[in-house]
Amino acid sequence: MASTGGAEVLVASNRGPVSYEVRPDDASGALHAKRGGGGLVSGLSAIGPDANAVWVCAALGDGDREAVRRAAGGRLPAGDTGGQQVRMLDIDADVFADAYNGIANSVLWFVHHMLYQTPLEPVFDAEFRRQWGSYQAYNRAFAQALAQEAGQGAVVVIQDYHLALAPRMLRQLRPDLRIGHFSHTPWAPPDYFRLLPDDIAAELLSGILGADHAAFLTRRWADAFVDCCHAVLGPGIPSSDTRIGVHGLGADADFLRKRSHEPDVDERMRALREEIGGEGRRTIVRVDRTELSKNIVRGLLAYRQLLDDHPEWRERVVHVAFAYPSRQDLSVYRDYTAEVQRVADEINSTYGTAGWTPVVLHVKDDFARSLAAYRLADVALVNPIRDGMNLVAKEIPVVSDEGCVLVLSREAGAYEELGEDAVVVNPYDIGGTADALALALAMPVEERAERCKRLAEAATALPPARWFLEQLGALGG
């Protein structure tokens with residue numbers, strides 16, 4: 001496929017760096033752009049506005065689709081995205097729903113996070129095969145757009161499990177390109193990965209192996225991918241045609257420290273202190289989406305166990321828990337969110353007193369409030385069942401005012417870098433996590449501060465800009 005573009009650097013991901021809306025109160029019908037956040041957006045900014053870069057992504061809402069219509073399917077104005085041009089793909093709604101919710105979020109996410117209740121699921125039937133066809137079509141749309149936008153010999157960095165097939169498809173269309181794929185999730189070990197039908201497992205692995213460089217957040221996930229290649233595709237695969245890399249995305253210290261001391265964060269801190277109440281009360285903080293893998297319910301149960309086993313902490317500690325709803329279009333996520341609320345309410349009704357609410361739970365996303373909680377944290381609880389990295393584990397030590405203790409699951413990717421200075425837990429062990437919380441609360445101030453300092457240094461070793469440039473460097477970009 002011939003190029004009609006000429007971009008030298010391309011990024012592909014399901015969600016782009018900007019979203020659009022047409023506001024009902026704006027009679028002009030103008031499109032209003034909102035710049036996205038996250039490590040990838042920050043990372044791309046490192047190459048500057050003159051790098052001839054294009055970001056290919058899916059149109060996710062009505063405003064995005066209207067922007068695509070007005071751009072006649074071409075690139076959106078660079079000024080809206082901080083100098084980086086965007087090509088949004090208005091993929092058929094049914095195809096997108098099948099690919100995104102049916103396959104990416106309900107199959108691939110569950111496999112890599114090992115979330116299935118295997119007596120009942122998964123069921124790979126005719127409906128699954130139909131949805132898989134949509135996943136193929138979704139990936140093909142990205143591959144075709146990238147082939148059109150890329151200049152000769154361009155560098156293309158494809159992101160995450162939504163686009164596992166795209167590297168191979170793009171390679172077939174444009175063998176001249178230098179292609180990378182980055183996985184932001186864990187990678188399942190072979191025994192679990194092979195829950196997938198053999199042909200699907202092989203297609204996923206071969207899709208990523210279409211890249212010159214396949215990269216992961218930790219060595220553990222990279223090794224698991226290689227083990228799956230050996231088990232499914234045979235010994236000697238991956239060949240030297242695909243290099244395997246590890247780039248452990250870190251926290252953006254400069255941004256976090258500056259943003260966490262702005263007036264709206266100070267305002268949220270005052271409000272949180274009022275909710276916490278009580279002079280000198282300690283805080284156990286968690287900030288998560290209500291994602292099944294984040295293990296929020298077991299974290300609450302461990303806190304309840306702490307109150308049972310160590311009654312001396314009653315009225316002296318508050319669990320500040322932010323559980324922001326995620327993927328509420330899937331019933332299993334709605335049920336999980338409801339269970340988080342139920343357990344928090346039960347703890348408050350059982351242990352609470354007139355002057356003490358044991359769990360302060362917020363479910364409305366508020367970044368300024370999250371940063372305020374980071375600053376107030378005495379203990380940070382990060383106990384996922386399984387997590388590609390977990391940036392919260394890296395962000396809290398960077399922002400904490402007085403230095404906090406990190407209670408960290410050994411199943412988080414961040415454990416590889418932070419485990420030495422964290423209090424490490426088995427995420428399934430309620431009693432062990434309760435003991436870890438007690439140890440963290442009792443840790444001497446000097447030790448807590450010293451550990452937090454080392455955690456912050458490790459957490460910021462590869463900030464987003466350097467992380468992205470490393471990926472480009474691995475491709476000779």
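Which elements are included in what covers the buried residues of α13? They include α9 (253–259), α10 (263–276), β10 (282–289), β11 (317–324), β12 (359–362) and α14 (391–399). The model is a predicted one, in which local features need pLDDT of at least 70 and side-chain atom pairs count only at pLDDT 80 or more, while totals for chains, interfaces and linings use all residues. Residues are numbered from 1 along each chain as its sequence is written, and side-chain values use heavy atoms, with hydrogens and water left out.

## Helix α13 and its surroundings

Let us stay with this helix for a moment. Helices (H or I, at least four residues) and strands (E, at least two) are DSSP runs, numbered from the N terminus. Helix α13 spans residues 367–376, and nine of its 10 residues are buried, so the helix is largely enclosed by the rest of the structure. Here, buried means under 20% relative accessible area, exposed means over 50%, and partly exposed lies in between (1.4 Å probe, protein chains only). The buried residues of α13 are Ala 368, Arg 369, Ser 370, Leu 371, Ala 372, Ala 373, Tyr 374, Arg 375 and Leu 376. At the N-terminal end of α13, Asp 366 acts as a cap, with a side-chain oxygen 3.1 Å from the backbone nitrogen of Ala 368.

## Two helix pairs

Next come two pairs of packed helices. Their axes are lines fitted to C-alpha atoms over the stretch in contact, and angles run from 0 to 180 degrees between N-to-C directions. Contact means heavy atoms within 4.5 Å.

Helix α4 (residues 126–149) packs against helix α7 (residues 198–208) at about 15°, and the two axes are 13 Å apart. The two helices are therefore roughly parallel to each other; angles under 35 degrees count as roughly parallel, over 145 as roughly antiparallel, 65 to 115 as roughly perpendicular and the rest as oblique. On the α4 side the contact is made by Phe 128, Arg 129, Trp 132, Tyr 135 and Gln 136, and on the α7 side by Asp 199, Ile 200, Glu 203 and Leu 204. These residues divide into five nonpolar, one polar and three charged. In this grouping Ala, Val, Leu, Ile, Met, Phe, Trp, Tyr, Cys and Pro count as nonpolar, Asp, Glu, Lys and Arg as charged, and the others, Gly among them, as polar.

Helix α14, already met in the cover of α13, has a partner in helix α17 (residues 445–459): their axes come within 8 Å and cross at roughly 125°. The pair α14 and α17 is therefore oblique. Lys 394, Pro 397 and Val 398 of α14 meet Cys 452, Leu 455, Ala 456 and Ala 459 of α17. Six of these contact residues are nonpolar, none is polar and one is charged.

## Backbone details in the loops

Four loop residues have backbone features that you may like to find in the structure.

| Residue | Backbone feature | Loop |
|---|---|---|
| Pro 122 | cis peptide bond with Glu 121, omega about 5° | between α3 (93–112) and α4 |
| Pro 238 | cis peptide bond from Ile 237, omega near 10° | between α8 (219–233) and β9 (243–246) |
| Asp 160 | positive phi of about 80° | between β6 (150–159) and α5 (166–173) |
| Asn 295 | positive phi of about 70° | between β10 and α11 (296–309) |

Asp 160 is not a glycine, and neither is Asn 295. Asp 160 counts as buried at 12% relative accessibility, and Asn 295 is buried as well, with a relative accessible area of 2%.

## Two arginines

What does the side chain of Asn 295 contact? A polar contact of 2.8 Å links it to the side chain of Arg 298. A polar contact is a pair of N or O atoms within 3.5 Å; within protein, one must be able to donate a hydrogen and the other to accept it, and residues adjacent in sequence count only if both atoms are side-chain atoms. Arg 298 lies in helix α11 and counts as partly exposed at 29% relative accessibility. Leaving out residues up to four places away in sequence, Arg 298 touches Asn 383, Ile 385, Pro 427, Tyr 428 and Ile 430. Arg 298 and Val 343 are 45 residues apart in sequence, and their C-alpha atoms are 9.6 Å apart in space.

Arg 87 belongs to strand β5 (residues 85–89) and counts as buried at 12% relative accessibility. Its side chain makes a polar contact of 3.1 Å with the side chain of Gln 148. Beyond its neighbours within four places in sequence, Arg 87 has contacts that include Val 54, Trp 55, Cys 57, Gly 73, Ala 145 and Glu 149.
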